[in-house]
Amino acid sequence: MRKWIGMLLGAIAVVLLILTMSCKPAGNNVNSYAEDRAGIEDLQARYLFALDFFDMDTYVSTFTEDGVLDIVAYQAKGRAEIRKKLEQARPVFNPASEKKPGLYPPTGRHNITNIVLKIDGDKAVGRSYWFHYGNNNPKRAAALDGYGHYEDEMVKVNGKWLFSKRKIYNEGVEKWIAPSKNPAW
Amino acid sequence: MRKWIGMLLGAIAVVLLILTMSCKPAGNNVNSYAEDRAGIEDLQARYLFALDFFDMDTYVSTFTEDGVLDIVAYQAKGRAEIRKKLEQARPVFNPASEKKPGLYPPTGRHNITNIVLKIDGDKAVGRSYWFHYGNNNPKRAAALDGYGHYEDEMVKVNGKWLFSKRKIYNEGVEKWIAPSKNPAW
Amino acid sequence: MRKWIGMLLGAIAVVLLILTMSCKPAGNNVNSYAEDRAGIEDLQARYLFALDFFDMDTYVSTFTEDGVLDIVAYQAKGRAEIRKKLEQARPVFNPASEKKPGLYPPTGRHNITNIVLKIDGDKAVGRSYWFHYGNNNPKRAAALDGYGHYEDEMVKVNGKWLFSKRKIYNEGVEKWIAPSKNPAW
């Protein structure tokens, strides 16, 4: 009789082990491309809101502590240096800081499209397009004024995706244009 | 012997309980940011197709029954009022309704980018950019002609995301422009 | 006593069966709209990088072997024919192939927005907007120069989404414009 129970116990243990290994814990999407992609898309969008509305605290928080912003013209490493470079270039990124009599403050907006992402555990590489429009003209007319592409490296830190490196190509300045080879895959 | 079986049963019950609690039912992604974000992205895109092709049945169906459309100039509450406001402004949203001799009907298209989403159960808040281009000119040339941003509140009703409130800022009209503070986070 | 054990075994078998059926295998998101949408968004973006950087190997690999590219003006069926049509039209899609003295090579970029997707198992239908900008002008100034929409049929082959048919409407050429009815839902 004891042998029977022993065999029974053994069989149950094996079945439970298989079940446990094949089951997915609720609320924890291990190895889900969709969950990671959703987190990264949100990061990408938050980055651009922060840039265009010149919210530098949020902007630098989208990078890791030692993250790199590379706009070809220069590389800034770490949140403090990234912030410093952006503050120096504020009029470019935040035309609203320049007021003109008789006109309401102009705005500029960066947009991201065509996000290609390869995700491997807590690391990801991305390629995507950016373009910019604004109304920094006497009629406050919407005007497209720049475009290029991003090459990103991202890491998941405590469940949150951050940029470890963002390289920005810009087709409006000869020395910042992208090589002709497809940067995606 | 009965005591043995009792203990065995108890142990199995505990293991099964833990397994059941940690398992995720198939086809029902409880608390999945990706599933909710995917549903909301589809809603956002369907809204814009319906607007640009002036499919008012589909357009109003993207709002809850008592949903609010706020374009700063006015607030419309409920599907009937939202439809009425849109129909009054049809030439703005549907230039194809105006025919001109010797030219094919013009079109206009709203686009959404940079979607930031915070989701909490059956409620969500969103921030995103919109821009518009069209060809309502003698050459039917593509032309960017407006942009701004959306501030959305959404609810999941019977598993389907809907707008409970959409507020639209427009950088082309002084009284409709956004405050300078980052509306995202 | 044996009867007891038999009943116990039967009860355990039923519970395990229910558990197995209600559990979701890890790393295999059966019937997940988000996983399929994420895969399709990546496909859409990879297609556009390949087109704009004229990476024809990658471009044709986004179609099924017998996939169809329909630009209203013509239908190309199968990867070989699609490649041939694109190569014939290379200057349109890859202005960088035309060099001009004193100017760096121009570029052109297609963008996708407003992706509406209906997914049913291994098949999907999509509607989305495309627009194009470039700098093929003496000042290398960013300029919007075209737009339209996509009507797609996609299939999942070995876990990877591919285009089985892409139809492209273009609002810049009278015979290629879309019907006025909402192509989405």
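How many cavities of 30 Å³ or more does the structure hold? There are 5, a cavity being a set of points on a 1 Å grid over the protein atoms alone where a 1.4 Å probe fits but cannot get out. Before we go in, keep in mind that this is a predicted model, where local features need pLDDT of at least 70, side-chain atom pairs count only at pLDDT 80 or more, and totals for chains, interfaces and linings use all residues. Residues are numbered from 1 along each chain as its sequence is written, chains are lettered from A and ligands numbered from 1 in the order in which they are written, and side-chain values use heavy atoms, with hydrogens and water left out.

Let's start with the helices. Look at α2 of chain B and α2 of chain C, each covering residues 33–52; helices here are DSSP runs of H or I with at least four residues, strands are runs of E with at least two, and both are numbered from the N terminus. The axes of these two helices come within 8 Å and cross at roughly 60°, where axes are lines fitted to C-alpha atoms, for helices over the stretch in contact, and angles run from 0 to 180 degrees between N-to-C directions. α2(B) and α2(C) are therefore oblique to each other (under 35 degrees counts as roughly parallel, over 145 as roughly antiparallel, 65 to 115 as roughly perpendicular and the rest as oblique). Their crossing is left-handed, that is, the near helix is turned anticlockwise from the far one by less than a right angle. On the B side, Ala34(B), Glu35(B), Ala38(B), Gly39(B), Glu41(B) and Asp42(B) make the contact, and on the C side Tyr33(C), Ala34(C), Glu35(C), Arg37(C) and Glu41(C) do, with contact meaning heavy atoms within 4.5 Å. By class that gives 4 nonpolar, 1 polar and 6 charged residues (Ala, Val, Leu, Ile, Met, Phe, Trp, Tyr, Cys and Pro count as nonpolar, Asp, Glu, Lys and Arg as charged, and the others, Gly among them, as polar).

Now swing over to chain A. The axes of α2(A) and α2(C) come within 8 Å and cross at roughly 60°, in a left-handed crossing. Here Tyr33(A), Ala34(A), Glu35(A), Arg37(A) and Glu41(A) meet a set from α2(C) that includes Ala38(C), Gly39(C) and Asp42(C). For α2(A) and α2(B), the axes again come within 8 Å and cross at roughly 60°, and this crossing is left-handed too. In that pair, residues of α2(A) including Ala38(A), Gly39(A) and Asp42(A) meet Tyr33(B), Ala34(B), Glu35(B), Arg37(B) and Glu41(B), and the classes come to 4 nonpolar, 1 polar and 6 charged.

Back to the cavities. The second largest has about 100 Å³ of space, a volume being the space filled by probe spheres set on the points, with grid points joined across faces, edges and corners. Its lining (residues with an atom within 4 Å of a point) takes Ala34, Arg37, Ala38 and Glu41 from each of chains A, B and C. That makes 6 nonpolar, no polar and 6 charged residues.

The largest cavity has a volume of about 410 Å³. Of its 23 lining residues, Glu41(A), Ile112(A), Glu41(B), Glu41(C) and Ile112(C) lie nearest its centre. Two or more lining residues come from each of α2 (33–52) and β3 (108–120) in chains A, B and C. The lining has 9 nonpolar, 8 polar and 6 charged residues.

Technical notes. 1 Å grid on protein atoms, 1.4 Å probe; cavity = no way out; pocket = protein on both sides within 12 Å on 5 of 7 lines; lining within 4 Å.
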